[in-house]
Each structure stands twice: as C-alpha cells, then as structure tokens.
Amino acid sequence: MSRDKQKPDTSPEPRGEVTDDLLEHEYDGIREYDNPLPRWWVWMFWGSFWFSVLYFFHYHVGGQGTSVAQAYVEELQIAREEQAKASLGEAVTEQALAKMMADTALMADTESLYAQRCAQCHADKGQGLIGPNLTDDHYVHGGTLMEIYQVVAHGVLAKGMPEWERQLTPIELRKIVAYVGSMRGTNVAGKAPEGNQVGLAALLEAAKDGAAPPSGAAAPSGAAPGGAPSAEAPTGEVPAPSGAPSGEAAP
Ligand code: HEC
C-alpha cells in the first residue's frame, strides 16, 4: 500500500507526492491529513461489531446456544458416560456397582434419569410414594447393590414395580442401581419403612470407594480410652490433643 511510503511527517507542509487532503483544523501548528481507514478494516470493524450484538442477544439475552462453559460440562458428562460404559465388559458385581456409586459426578449425571423414570413412584429424593422409601434402612428385597439390581432389572410386576431391564440400556440400568445405592441411609422422611431392616452401616462401609473393607475393623491395639473410631488405625500411641490435658467442658 502506498500509504507506507508516507511515514509520519511532522513538517507542517505537505510534501510534493502527497495527494491526501489536509483537514481544516490545526492544533498548535499541527495539521492532519484526511487519511480514511482502509475499507477492509472498516468492514472488519462493523462485522465484528454486529457479530457481538447478535452474540449478546443470542447467548446472554435469549439464553440460547451452548456457552463454552456449558459445552465443557457436557463433554465431561459424555466422557464419564464413556468411561462407565467401559465397565459393561465386566459382569455386574457388587464391587463394580459400588465403584460407580463412589463416582459422585457420575451419580450427579444420573439424577435426571431417576427423576424421569423412578421419581413418580419413589418420589424425588427416594422417600417413597407408590413404591417404598429407598432412603431408610428397610428393604423388601434386600439392601445390597446386587439385590437392588435384581429388583430393578426384573421388577415386581405383581406389586407395580416395572421390569426396567426392558426399558433402560444396560449402562443406564447399572447407573440407576448405583444411584439407588447412593440413596441408602439418607433417611429422607417419607413413606413408612417396609420390609426388613438391613445392616446398612456395614453395607455402606463396604461400598466405600468401591472396595471391600479391610478386614477386622476392630479397635486399634492400645487405643486411647474413648478414642473415636478411625478408619486408619495408627500403629503407635494416639497423640493427646494439644493443650487441654483433661479437657472435657470446653464452652
Ligand atoms: C410405577 C411405579 C414404579 C416405578 C416407576 C418405579 N418403581 Fe420401584 N417399586 C415400585 C413398587 C410398587 C415397589 C414395591 C415392590 C414390592 O413391594 O415388592 C418398588 C420397589 C422398588 C425397589 C425395592 C425396594 C425394596 O424395599 O426392596 C427398588 C430398589 C426400586 N423399586 C427401584 C426403582 C427404580 C430404580 C426405578 C426407576 C428406574 C423404579 N423403582 C421405578 C414402583 C415403581
């Protein structure tokens, strides 16, 4: 472009080859050429300006379209789903289900499936409606994940519990069972307990991190009196709490 040849010229007098018009105004003896911006630049400016207006109304006012953050969340969801599907190669076991149950993000993804398929009979938090309360420690058909799997997969047609194996994909079935597992012991007030009481504490302990509990959850040897049950048994002495030697009543 020829403009480049005419680098800033501070002299007030235009040089011979300059063809631009001088503008009228003059400040402290400085005058200005009428140098319009190149067309392509102006087009880009207005193009991006109008794009931003449309963008603003589309995403922010209209709430349509997928934002970058939303797209990221969705991609993560898909990735978790894919990862979960990898487990379909394995047989359904208590441990495989417990592992899914321990995946809190996957369980959060499953919430909508529960709301869609199960909530009308078991209520939104599992507190029971037509179907039993799934949050207490009483079960008609047992409280292990495999027992839950059996009921959900095959239903109890005579009592009105559908046979979900026919209506859900295999991965949905596993996820929903794990989800029901994660409701155990949340004790949402609702339908009165039905069935038999199960040892929920032990079941939940077993399901933690999708692994079997280390055998013998007995008190650590030489435990301090009144020591709270702790997961990892310290080998040595239990360190005294700093400060208060006989600290009972701390207001
Ligand atoms: C049309 C109503 C209905 C729907 C929908 C329904 N259930 Fe049920 N569900 C029942 C009934 C009724 C029972 C009680 C069966 C019995 O008493 O033997 C039951 C029992 C159960 C049990 C056994 C509870 C126990 O105490 O042993 C589980 C677990 C369960 N449902 C999970 C689910 C899941 C997961 C879904 C969604 C995929 C679902 N249900 C959808 C009606 C329903």
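**Figure 1. Tyr27 and Ile30 face each other across a strand pair.** In this predicted model, Tyr27 has Ile30 of strand β2 as its bridge partner. A second pair sits alongside in the account: Glu26 stands opposite Arg31 of β2. Strand β1 covers residues 22-27 and strand β2 covers residues 30-33. The two strands run antiparallel, and three bridges join them. Together β1 and β2 make a hairpin, with two residues between the strands. Asp28 lies in the turn and has a positive phi of about 50°. How many of the six residues of β1 are buried? The count is zero, and β1 is hardly covered.

**Figure 2. Residues gather around the ligand.** The ligand has 25 residues around it. Which of them come nearest? They are Cys118, Cys121, Gly131, His141 and Met161. Three elements give two or more residues to this shell: α5 (119-122), α6 (145-154) and α7 (170-183). The shell divides by residue type into 16 nonpolar, six polar and three charged residues.

**Figure 3. Helices supply the largest nonpolar core.** This core has 21 residues. Leu97, Leu145, Val177 and Val180 have the most contacts inside it. At least two core residues come from each of α3 (94-102), α4 (104-117), α6, α7 and α8 (200-207). Which helix gives the most to the core? It is α7, with six residues.

**Figure 4. Leu145 is a buried residue of helix α6.** Leu145 lies in α6, and it is among the residues with the most contacts inside the largest nonpolar core. Why does Leu145 count as buried? Leu145 counts as buried because it has 27 C-beta neighbours inside 10 Å, and the cut-off is 20 or more. Setting aside neighbours within four places in sequence, Leu145 is in contact with Glu94, Leu97, Ala98, Val177, Gly181 and Ala207. One of these partners, Ala98, is 47 residues from Leu145 in sequence. In space, the C-alpha atoms of Leu145 and Ala98 are 7.4 Å apart.

**Figure 5. The whole chain holds eight helices and four strands**. Along the sequence, the pattern reads β-β-α-α-α-α-α-β-α-α-β-α. The chain has 251 residues, and buried residues make up 15% of them. Take the contacts between residues at least 6 apart in sequence: 58% of these join residues at least 24 apart.

**Figure 6. Confidence varies along the predicted chain**. The mean pLDDT of the chain is 81. A value of 70 or more is reached by 75% of the residues. Where does pLDDT stay under 50? It does so over residues 212-251. For that stretch, the model has 10 contacts beyond four places in sequence. Where pLDDT is low, the predicted coordinates should not be read in detail.

Terms used
Residues numbered from 1 in each chain as written. Predicted model: local features only at pLDDT ≥ 70, side-chain atom pairs only at ≥ 80, totals over all residues. Near = placed C-beta within 6 Å. Nonpolar A, V, L, I, M, F, W, Y, C, P; charged D, E, K, R; others polar. Core = buried A, V, L, I, M, F, W, Y, C linked by C-beta atoms within 7 Å. Buried ≥ 20, exposed ≤ 12 C-beta atoms within 10 Å, placed from the backbone. Contact = placed C-beta atoms within 7 Å. Pairing = 2+ DSSP bridges. pLDDT = per-residue confidence, 0-100.
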